[in-house]
Amino acid sequence: MRNIDKRFDKVDVLKDVTFSVNAGEVHALLGVNGAGKSTLMKILAGDYIKDGGTIEIDGKNISIDSPSDAKRHGIGIVVQEVDTALFPTLSVAENLIIDDFNSGFKLSRLSWRAIRKQAETILSEMNISLDVNKPVAECSLSEKQMILIARAMAGNVRYLILDEPTAPLSENETETLFSLIERLREKGVGIIYISHRMPEIKTISDRFTVLRDGKLITTEETKDATIGQIIRQMLGKSLQNVKRQPKPISSNTLFEVKKLHVPDTGKEISLKVHEGEIVGIAGLVGAGKSETAKALFGAGGATGSWFLNGEERKIASPYDALKQGLCLVPEERRKEGIVTGHSVAHNLSLPSLKSFTKFGWLRLKKEKGFTKDKIAQLGIVTPSEESLLKNLSGGNQQKVAIGKWISPERNVFLFDEPTKGIDVNAKKEIFQLIDSLAGQGKGILYFTSETEELLLIADRILVIYDGEITASFTGTGAIRENIMQAATGGKISETNSSS
Ligand code: ADP
Ligand code: MG
């Protein structure tokens, strides 16, 4: 790919980017979120049309104007969003055989037996063991990815693009993927590998290319670069310190967990939060943040020792956690936090229903006064408290998701990616909300993969990698580069990490 340009709505997303991959090479494509990696690869796969530049295979100019052009040239892609590329209600076999839905492929022309046989052949050639009769909806993420890789390989690809394939995978699944990549490499397939996990990049790639703000920064042999160097190239020269004024933190430990076993990651963590402290938990997508947040909240059979104000409390379920004054604002707010088909008022009063219920009857009058206050207090923009939540903007929905938990008896707040998918203004308001909770002496745990946010809001930043807390930063140690290095699995040796 030479001198590739791409604009979206007049904004340059790629500027003069040149990128190449050789047969049998694993070439890592790196850059922070928004750098342009996926866009570059979607151009190569025919999903986006470039605004400038050329693409060559074997020294010959080719044109890629559609996904089928790319396929014809032996280019396969496993997109970041695997579900968008599969048909959930169809079986593994059907998903493997359907090559291009748009090309008008008709399954009815093939017998089920023929489809199954063909699918089994494809999988066994790649050493993948998977029941071809299973509906895709029942497959794990890792299995879905395998299906996409197998489907690409069945089309005889010479170049395979993997966009953040390991983010959702467990360690075992990652190993399975790596051995598959190794076999493809041996077959002479050129692999373009996008990932944020540095140890992986060091293990698996021959060369790496860094993009930053849509521009090519460097292409180098992986063995010649340290993780620290790669990260500095990804971030550029920004050495942002924590922006907020460091505030004195109370020495009173409000909340502490010791040896918390997190069932979903199989790892153990310990941490504490002081009165009025905002502790940021940084980590890549897939590092185990949500799993850890849920375990801290007593969900999913988590075990360990919980302390509030120095006293041990029994927390064996989210119900116990709520009773002890904890609250979790989950990431998947639409699924877990709120009911979008219900009114704003109803959503705001859900967790406190008990206090509105007398002899089992909901006292609607009281609910009304209570929610009016909250709507004003949280600055929720809604025509009325009776409006259905689904008609509000994402930011306002999130305020409801957070606001419904706010009451004097809650002391410890766990926020899991609270700003996901909301606009800048709504973010600001949520930061203010969190700040004011801290100002009231509440303890905050803020889980996010957006390091920038933590630099703005956190008093202390812990980093999770593969389910474990691997670093902690405060004050001058809390710079983007150090956090990034720890979050991508690099060892912090050159920095002043503390407490
Ligand atoms: P990366 O994969 O490195 O995280 P992307 O290629 O997804 O980055 O995005 C690069 C930039 O292009 C971002 O600023 C993103 O918002 C923008 N972008 C990507 N796809 C589109 C699109 N379809 N329309 C408008 N902007 C887009
Ligand atoms: Mg991307």
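Which residues in H5 meet which residues in H6? Let me start there. This is a predicted model, so keep that in mind throughout.

From H5, the residues are Ser-142, Gln-145, Met-146, Ile-149 and Met-153. From H6, they are Glu-173, Thr-176, Leu-177, Leu-180 and Leu-184. Sorted by type, the residues of this contact are six nonpolar, three polar and one charged.

Now the geometry. Two packed helices are described by the angle between their axes and the distance between the axes. H5 covers residues 141–154, and H6 covers residues 171–186. Their axes cross at roughly 10 degrees and come within 11 Å. Angles under 35 degrees count as roughly parallel. H5 and H6 are therefore roughly parallel to each other.

Let me step back to the whole chain. It has 499 residues, and 52% of them are buried. It contains 18 helices and 22 strands. Now take the contacts with a separation of 6 or more. Of these, 66% are between residues 24 or more positions apart.

On to the second helix pair. H15 runs over residues 394–403, and H16 over residues 424–439. Their axes are 9 Å apart, at an angle of about 15 degrees. That makes H15 roughly parallel to H16. The crossing of H15 past H16 is right-handed.

Which residues of H15 and H16 meet? On the H15 side, they are Gly-395, Gln-398, Lys-399 and Ile-402. On the H16 side, they are Ala-426, Glu-429, Ile-430 and Leu-433. By type, this contact has four nonpolar, two polar and two charged residues.

How many of the 10 residues of H15 are buried? Nine, so H15 is mostly covered. Among the buried ones are Gly-395, Gln-398, Lys-399 and Ile-402. Those names should sound familiar, as they also meet H16. The buried list also includes Asn-396, Gln-397, Val-400, Ala-401 and Gly-403.

Next, one residue in H3. That helix covers residues 92–97, and Asn-95 sits in it. Is Asn-95 buried or exposed? Its relative accessibility is 0%, so Asn-95 counts as buried. What is Asn-95 in contact with, leaving aside neighbours within four places in sequence? Leu-86, Phe-87 and Leu-90 are on the list. So are Val-136, Ile-147 and Arg-151. Ile-147 falls within the span of H5, residues 141–154. So does Arg-151.

Now the cysteines. How many disulfides does the structure hold? Zero. Two cysteines I want to show you are Cys-139 and Cys-327. Cys-139 has 7% relative accessibility, so Cys-139 counts as buried. Cys-327 is at 0%, so Cys-327 counts as buried too. The cut-off for buried is under 20%.

Last, two backbone oddities. Asp-9 is not a glycine, yet its phi is positive, at about 45 degrees. Where is Asp-9? In the loop between strand S1, residues 2–8, and strand S2, residues 11–17. Asp-9 has a relative accessible area of 74%, so Asp-9 is exposed.

Lys-259 also has a positive phi of about 45 degrees, and is not a glycine either. Lys-259 lies in a strand, namely S11, residues 253–262. With a relative accessible area of 56%, Lys-259 is exposed.

To recap the two helix pairs. H5 and H6 are roughly parallel. H15 and H16 are roughly parallel as well. That is my tour.

How values were computed. Residues numbered from 1 in each chain as written. Chains lettered and ligands numbered in written order. Predicted model: local features only at pLDDT ≥ 70, side-chain atom pairs only at ≥ 80, totals over all residues. Heavy atoms only, no water. Disulfide = S-S within 2.5 Å. Buried < 20%, exposed > 50% of the residue type's maximum accessible area, 1.4 Å probe, protein only. Axes fitted to C-alpha atoms, helices over the stretch in contact; angles between N-to-C directions. Helix = DSSP H or I, 4+ residues; strand = E, 2+ residues; numbered from the N terminus. Parallel < 35°, antiparallel > 145°, perpendicular 65-115°, else oblique. Left-handed = near helix turned anticlockwise from the far one by under 90°. Contact = heavy atoms within 4.5 Å. Nonpolar A, V, L, I, M, F, W, Y, C, P; charged D, E, K, R; others polar.
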